[in-house]
Amino acid sequence: MNQKTEMKMDRLSYDTRWKTLMKDINKHFSLDIRNKNRGRYYVEARWIYYHVCFKVLDYPVVSISKSLNKNHATILYGLKQFDTFIDIDPVFKNKFFNFLKGKKYHFIQENQTKEQLEYQLNMALARVLKLETKLNSIYK
């Protein structure tokens with residue numbers, strides 16, 4: 001491995017966002033994704049974890065695999081399955097967007113529905129109003 005790859009892998013030790021994400025997923029789905037269970041609910045929750053870690057938190061696959069004590073190929077397979085299921089399974093898509101609702105994980109996804117775009121717009125407007133309120137209280 002080169003030095004850059006090793007630095008990215010070591011990032012897992014000092015960046016704790018993945019721990020927060022894991023707690024959020026475990027709480028939301030009422031399960032522990034570190035469990036070796038291969039049931040559908042566990043697998044889908046892990047796929048969501050892989051996707052958010054990879055796309056939003058920008059973790060390398062090796063770091064994601066270390067966080068769950070899995071093989072990197074398992075993570076790659078899960079990322080591929082996530083992309084497939086988000087396109088063809090409306091139940092899984094709803095699970096994913098329900099998990100993201102009100103969370104601080106932000107990313108851009110292509111081909112979003114009108115409802116998804118309206119939701120993101122409303123969330124952004126709510127954040128703007130909250131920040132304006134904070135600014136007004138600071139300048140008073």
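Start by colouring the whole chain by burial: of its 140 residues, 36% are buried. Keep in mind that this is a predicted model. Switch to cartoon view and you will count seven helices and zero strands. Now show the surface, where the chain exposes about 9700 Å², with carbon and sulfur atoms supplying 55% of that area. If you draw contacts with a separation of 6 or more, 55% of them turn out to join residues 24 or more positions apart.

**First stop: helix α5**

Select residues 72-88, which make up α5. From first C-alpha to last, this helix of 17 residues reaches 25 Å, close to the 24 Å expected at 1.5 Å a residue. Step back to Asn71, the residue that caps the N-terminal end of α5. One of its side-chain oxygens sits 2.9 Å from the backbone nitrogen of Ala73.

Next, show the side chains of Ile75, Leu79, Phe82 and Ile86, which are among the buried residues of α5. In an α-helix, residues three or four places apart point the same way, because there are 3.6 residues a turn. To see what the buried residues of α5 pack against, add α3 (40-56), α4 (61-68) and α6 (90-100).

**Second stop: a salt-bridge network**

The whole structure holds four salt bridges. Pick Arg40 and Glu44, whose closest N and O atoms are 2.7 Å apart in a salt bridge. Both belong to helix α3, and since they are four residues apart, about one helical turn separates them. Arg40 is partly exposed, at 48% relative accessibility, whereas Glu44 is buried at 3%.

Now add Asp89, which also forms a salt bridge with Arg40, at 2.8 Å between the closest N and O atoms. Asp89 is in the loop between α5 and α6 while Arg40 is in α3, so this pair links parts 49 residues apart in sequence. Asp89 is buried, with a relative accessible area of 14%.

Finally, bring in Lys95, which pairs with Glu44 in a salt bridge of 2.5 Å between closest N and O atoms. Lys95 lies in α6 and Glu44 in α3, so the pair ties together parts 51 residues apart in sequence. With shared partners, the salt bridges join Arg40, Glu44, Asp89 and Lys95 into one network.

**Last stop: the surface**

Select Leu135, Ile138 and Tyr139 to find a nonpolar surface patch, with about 390 Å² of accessible area together. Tyr139 is part of helix α7 (residues 114-139) and is exposed, at 70% relative accessibility.

Definitions and conventions:
Residues numbered from 1 in each chain as written. Predicted model: local features only at pLDDT ≥ 70, side-chain atom pairs only at ≥ 80, totals over all residues. Heavy atoms only, no water. Helix = DSSP H or I, 4+ residues; strand = E, 2+ residues; numbered from the N terminus. Expected span 1.5 Å × (residues − 1). Buried < 20%, exposed > 50% of the residue type's maximum accessible area, 1.4 Å probe, protein only. Contact = heavy atoms within 4.5 Å. Polar contact = N/O pair within 3.5 Å; in protein donor to acceptor, adjacent residues only side chain to side chain. Patch = residues over 30% accessible without salt bridge, like charges linked within 9 Å, V, L, I, M, F, W, Y side chains within 5 Å. Areas by Shrake-Rupley, 256 points an atom, 1.4 Å probe, with all protein chains shown as cover. Salt bridge = Lys/Arg side-chain N within 4 Å of Asp/Glu carboxyl O.
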